[in-house]
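This report walks through one chain, from its overall layout to single residues. Keep the structure open while reading.

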Amino acid sequence: MDTFTYSHSDEDLIDQPIGYWASAAGEAVVHHIRTMLAESGLTQPEWWILNQIVADDGRDKAAVLATLRGYLNVGDGSLQHDIRALHERGLLTEDADGRLRITDEGRALRDNTALRQQKTRAEIHEGIPDEEYIRTLKVLQRMIHNVGGSAWHH
């Protein structure tokens, strides 16, 4: 990997806009994750869906939609489309009661992608101690609170 250097001195970083840097970090990380998922033949919402139904008994479709509806503002329509796409690819099934279950092929793809996801997470976290990562998330959550925003992630 390339040598990393900070954009500004500590004295100058204090005046940098958090909105810009938080957005730039989010865009770069999401792009990196989505590239890895695309190499596995999945979109990010499809990955989320497979992870929601990986349990042997599956999961109710309405519960999956309720959990995922707020992720990156994807929305129910897009998630319904992704569920259909996964079904058409033979990666999940849906029974008459709306219960989604992962197929053997879907489980193999999900498990292989989960291994790749661990590598991707390690790339993203390279050179960042866990304490700094935790502190960064706490700072961002506090800033969201300070401006009256709300954010949630499972």
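Of the 154 residues of the chain, 25% count as buried. The model is a predicted one. Its C-alpha atoms fill a box of roughly 60 × 40 × 25 Å along the principal axes. The chain holds seven helices and three strands. In sequence order they give the pattern α-α-α-β-α-α-β-β-α-α. Take the contacts between residues at least 6 apart in sequence: 57% of them join residues at least 24 apart.

**Helix 4 and its buried face**

Helix 4 covers residues 61–68. Its buried residues are K61, V64, L65, T67 and L68. Viewed down the axis of helix 4, these buried residues fall within an arc of 165°, so they line one face of the helix. An α-helix has 3.6 residues a turn, so residues three or four places apart point the same way.

What do the buried residues of helix 4 pack against? Their partners are helix 3 (44–52), strand 1 (59–60), helix 5 (76–88), strand 2 (92–94) and strand 3 (99–102).

At the start of helix 4, D60 comes into play. One of its side-chain oxygens reaches to within 3.1 Å of the backbone nitrogen of A62.

**Three helices in contact**

Two packed helices are described by the angle between their axes and the distance between the axes. Helices 3, 4 and 5 give the pairs below.

| Helix pair | Axis angle | Axis distance |
|---|---|---|
| Helix 3 and helix 4 | about 130° | 10 Å |
| Helix 4 and helix 5 | roughly 130° | within 10 Å |
| Helix 3 and helix 5 | about 70° | 9 Å |

Start with helix 3 and helix 4. Their axes pack at about 130°, and the two helices are therefore oblique to each other. The crossing is right-handed. On the helix 3 side, the contact is made by W48, I49 and Q52. On the helix 4 side, V64, T67 and L68 take part.

Next come helix 4 and helix 5. Their axes cross at roughly 130°, which makes helix 4 oblique to helix 5. This crossing is right-handed. Here K61, L65 and L68 of helix 4 meet D76, L79, Q80 and I83 of helix 5.

The remaining pair is helix 3 and helix 5. With an angle of about 70°, they are therefore roughly perpendicular to each other. Helix 3 contributes P45, E46, I49 and L50 to the contact. Helix 5 contributes L79, D82, I83, A85 and L86.

The residue lists overlap. I49 appears in the contact of helix 3 with helix 4 and in that of helix 3 with helix 5. L68 meets helix 5 and also takes part in the contact with helix 3. L79 and I83 of helix 5 serve in the contact with helix 4 and in the contact with helix 3.

**Two residues of helix 4**

Is K61 buried or exposed? Its relative accessibility is 17%, under the 20% cut-off, so K61 counts as buried. Leaving aside neighbours within four places in sequence, K61 is in contact with Q80, I83, E94, G98 and L100.

T67 is also part of helix 4. Its relative accessible area is 19%, and it counts as buried. Which side chain does T67 join in a polar contact of 3.0 Å? The partner is the side chain of R59.

**Outside the helices**

H8 sits in the segment before helix 1 (10–13). At 30% relative accessibility, H8 is partly exposed. Not counting residues up to four places away in sequence, H8 touches L13, Q16 and W21. The H8 side chain makes a polar contact of 2.6 Å with the side chain of S7. Another polar contact, at 3.2 Å, joins the side chains of H8 and Q16. How far is H8 from A63, C-alpha to C-alpha? The separation is 45 Å, with their positions 55 residues apart along the chain.

G75 lies in the loop between helix 4 and helix 5. Its relative accessibility is 24%, so G75 counts as partly exposed. G75 and G41 are 34 residues apart in sequence. Their C-alpha atoms are 21 Å apart in space.

Note on methods:
Residues numbered from 1 in each chain as written. Predicted model: local features only at pLDDT ≥ 70, side-chain atom pairs only at ≥ 80, totals over all residues. Heavy atoms only, no water. Buried < 20%, exposed > 50% of the residue type's maximum accessible area, 1.4 Å probe, protein only. Helix = DSSP H or I, 4+ residues; strand = E, 2+ residues; numbered from the N terminus. Arc of directions from axis to C-beta. Contact = heavy atoms within 4.5 Å. Polar contact = N/O pair within 3.5 Å; in protein donor to acceptor, adjacent residues only side chain to side chain. Axes fitted to C-alpha atoms, helices over the stretch in contact; angles between N-to-C directions. Parallel < 35°, antiparallel > 145°, perpendicular 65-115°, else oblique. Left-handed = near helix turned anticlockwise from the far one by under 90°.
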